[in-house]
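Biologist: I have a model open on my screen and would like to know what stands behind the words people use for it. Could you take me through them?

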Amino acid sequence: MPDVKVVNVSKFFGNIKALRDINLEIKDGEYVVLLGPSGCGKTTLLKIIAGMWEPTAGKVYIDGKDITNLPPEERNIGFVFQNYALFPHLNVFDNTIYGPVVRGKDSEESRNNAREMLHLVRLAARHDAFPAELSGGMQQRLAVARALTTGSSLLFLDEPLSALDAKIGAELRSEMRKMIKDLKLTAIHVTHNQDEAMEVADKIVVIRRGRVEQVGSPEEIYRNPANLFVAHFLGDANFIEAAASDYGERCKLKLLKWEMEIPKVKPGAYVAVVRPEKVEVGDGGADGIVKNFRFLGGLSYVEVGIGNESVISRFPSGREYELGEKVCVCFKPEDVKLFKYPDEGLKEALRVD
Ligand code: ATP
């Protein structure tokens, strides 16, 4: 069973530093998502692990074996692409067995293997159907079955849901994860969609500008972002300017016309990150004025203007707010994650590019 190790990998295209000194370990059976904005280097990293690109520096290992110079066809990796690349004129079975056929391996064994794969992805009954006759989910399952005829238990998925209607794509996420887990595959999935990443991943690798910013479970990254960019890219957050000053054994944190006591930090300028579900709108705390209110079904969202800043609260629907209504917002010190105010400015630190 495959585990994958990427050691000090860099990739330059002329002046473009697509990847810079990437280190990553993917364990057997893990479902890993490479997440980051467009152009951050996700696909380049996937292609280097797949053998389609050679790294400028660094090594790739599968099962402890250095495969950096091994051609892609010898790496035994299954692929699922954005558009599935299914052949419209071939039926389900012929699409599944396409790989072995073009490699001259149209044996009874590969035909049995293809039948087995279709059974595993619950498409055995649609053996004769053409891709256009299948639902989006079935097409996706077919793409997985075809990828598995390589005999690999290492599956790469490059934006596998982005060609689908957003609602269907969202519905298919958990189904896809379940199938991949049931088949005990090791999966590396590339996406720029944070909700998709949260829903399918055991482990998320957040990439920005060719560097790994953080690796962790969805929960670890959401609750404990390593920096302002990660806090911004994964989930919603309020970013509030704050100043910390000494106060005996503790510190005073000034923010939003408000002061709270926090455990000791170095005095100075900070950005306080608070998730919207941790912000309470009520009677105590900093007073402000409702600038926006939205009912979103089970949850509602209110934006409160306080001086030059705005704070967003998300809460179970029930209470409604009028624009211009006077309210107070508060949150607990333990729900504040503090980051030193960035030298490059807050806007630049959060910039998604
Ligand atoms: P997207 O989500 O838009 O697909 P990505 O995160 O997958 O983006 P990559 O495709 O890995 O990003 O690209 C990373 C950087 O490398 C980009 O600046 C891109 O322009 C550059 N790049 C990728 N392939 C090439 C190439 N063949 N020649 C030159 N530059 C390239």
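Modeller: Let's start with strand β1 (residues 4-13), which is joined to β2 by seven bridges, the two running antiparallel. The model is a predicted one, where local features need pLDDT of at least 70 and side-chain atom pairs count only at pLDDT 80 or more, while totals for chains, interfaces and linings use all residues. Numbering starts from 1 along each chain as its sequence is written, and side-chain values use heavy atoms, with hydrogens and water left out.

Biologist: Why are β1 and β2 called paired?

Modeller: Two strands pair if DSSP finds at least two bridges between them. β1 and β2 have seven bridges, so they count as paired. Within this pair, Val6 stands opposite Leu24 in β2. Strands here are DSSP runs of E, at least two residues, and helices are runs of H or I, at least four, numbered from the N terminus.

Biologist: What makes β2 and β5 edge strands?

Modeller: The open sheet has four strands in the order β2-β1-β4-β5, with antiparallel pairing. β2 and β5 (65-66) each pair on one side only.

Biologist: Which strands does α1 lie across, and at what angle does it run to β1?

Modeller: α1 lies across β1, β2 and β4 (57-62), and runs at about 120 degrees to β1. Axes are lines fitted to C-alpha atoms, for helices over the stretch in contact (heavy atoms within 4.5 Å). Angles run from 0 to 180 degrees between N-to-C directions.

Biologist: How do you know that Ser38 makes a polar contact with the ligand?

Modeller: A polar contact is a pair of N or O atoms within 3.5 Å; within protein, one must be able to donate a hydrogen and the other to accept it, and residues adjacent in sequence count only if both atoms are side-chain atoms. A polar side-chain atom of Ser38 lies 2.5 Å from a ligand oxygen, so the pair qualifies. Polar backbone atoms are also involved: Gly39 has one at 2.7 Å from a ligand oxygen, and Gly41 has one at 3.0 Å from a ligand oxygen.

Biologist: What makes Arg314 and Glu277 a polar contact?

Modeller: Their side chains are joined at 3.3 Å, which is within 3.5 Å, so the term applies. Arg314 lies in strand β18 (residues 309-316). Not counting residues up to four places away in sequence, Arg314 touches several residues, including Tyr222, Asp236 and Tyr301.
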